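This report covers how the helices of one protein chain pack together and what lies between them. The sequence and structure come first.

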Amino acid sequence: MELTAPEFHTFLLEHRVLAERMEAVRRDRSQELYRLALGELGREIDHHFVHEEKFVLPKVEPYFPSAVAGPAVKLRSEHDLIRRRHREVVAGMDPRAGIGDVAGPWGDAVRLLAYLVLRHIEKEDHYFFPMISRILTPEERAEVAEALVRANRKVTKAP
């Protein structure tokens, strides 16, 4: 965290919690664990990914003006892949049991998804956030931090 600006520490802390769950999925084969992990990942996709895409990536894109290469393009692409894989895994769950066979192809798909999430977190924590901490101006970082505060206020006020 010492290489990353304080304005982005929230993202790193959220990553830490999700990474622990994804590591457990890679290690253990438990229906309850997989169910919890998929739920947590779904919430992170709806919250964390959206905040990165709305508040952080637009600040970074002007520094790497390409529609085909650069960190923002790569992270958006990974977000899309993780979203798609998450939807596929959830769609493969037994509707009556609310889970799939952890020892079969469905469990393999969940473990692959956990691997993809862990590699994504590693890129963001070790490369992306330290890099943008140096590239973005203090004003740009403050704008991101304020946008996050406003967005989180809206979430906590929702019924």
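## Helix packing and cores

In this predicted model, the contact between α3 and α4 brings together Pro-71, Lys-74, Leu-75, Glu-78, His-79, Leu-81, Ile-82, Arg-85, His-86 and Val-89 of α3 with Trp-106, Ala-109, Val-110, Leu-112, Leu-113, Leu-116, Val-117, His-120, Lys-123, Glu-124, Phe-128 and Met-131 of α4. Sorted by class, the residues in this contact of α3 with α4 are 14 nonpolar, three polar and five charged. Helix α3 covers residues 71-91, and its axis lies 10 Å from that of α4 at an angle of about 160°. Angles over 145 degrees count as roughly antiparallel, so α3 is roughly antiparallel to α4. The crossing of α3 with α4 is left-handed.

Helix α4 (residues 105-135) also packs against α1 (residues 9-27), where the axes come within 9 Å and cross at roughly 150°. By the cut-off of 145 degrees, α1 and α4 are therefore roughly antiparallel as well. Their crossing is left-handed. On the α1 side the contact uses Phe-11, Leu-12, His-15, Leu-18, Ala-19, Met-22, Glu-23, Val-25 and Arg-26. Residues on the α4 side include Val-110, Ala-114, Leu-118, Ile-121, Asp-125 and Phe-129. The contact of α1 with α4 has 13 nonpolar, one polar and five charged residues.

The two contacts of α4 are set out by class below.

| Contact | Nonpolar | Polar | Charged |
|---|---|---|---|
| α1 with α4 | 13 residues | one residue | five residues |
| α3 with α4 | 14 residues | three residues | five residues |

In soluble globular proteins, nonpolar side chains tend to be buried together. Here the largest nonpolar core holds 23 residues, and Met-22, Leu-41, Trp-106 and Val-117 have the most contacts inside it. At least two residues of this core come from each of α1, α2 (31-60), α3 and α4. Beyond its neighbours within four places in sequence, Val-117 touches Leu-18, Met-22, Leu-41 and Ile-82. Apart from the largest core lies another, of 18 residues, with Leu-12, Phe-129, Val-144 and Ala-151 among them.

Is His-120 buried or exposed? This residue sits in helix α4. Residues under 20% relative accessible area count as buried, and His-120, at 3% relative accessibility, is therefore buried. Its contacts, leaving aside neighbours within four places in sequence, are Phe-49, Glu-52, Leu-75, Glu-78, His-79 and Ile-82.

Technical notes:
Residues are numbered from 1 along each chain as its sequence is written. This is a predicted model: local features need pLDDT of at least 70, side-chain atom pairs count only at pLDDT 80 or more; totals for chains, interfaces and linings use all residues. Side-chain values use heavy atoms; hydrogens and water are left out. Axes are lines fitted to C-alpha atoms, for helices over the stretch in contact, and angles run from 0 to 180 degrees between N-to-C directions. Helices (H or I, at least four residues) and strands (E, at least two) are DSSP runs, numbered from the N terminus. Angles under 35 degrees count as roughly parallel, over 145 as roughly antiparallel, 65 to 115 as roughly perpendicular and the rest as oblique. A crossing is left-handed if the near helix is turned anticlockwise from the far one by less than a right angle, and right-handed if clockwise. Contact means heavy atoms within 4.5 Å. Ala, Val, Leu, Ile, Met, Phe, Trp, Tyr, Cys and Pro count as nonpolar, Asp, Glu, Lys and Arg as charged, and the others, Gly among them, as polar. A nonpolar core is a set of buried Ala, Val, Leu, Ile, Met, Phe, Trp, Tyr and Cys residues joined through side-chain atoms within 4.5 Å. Buried means under 20% relative accessible area, exposed over 50%, partly exposed in between (1.4 Å probe, protein chains only).
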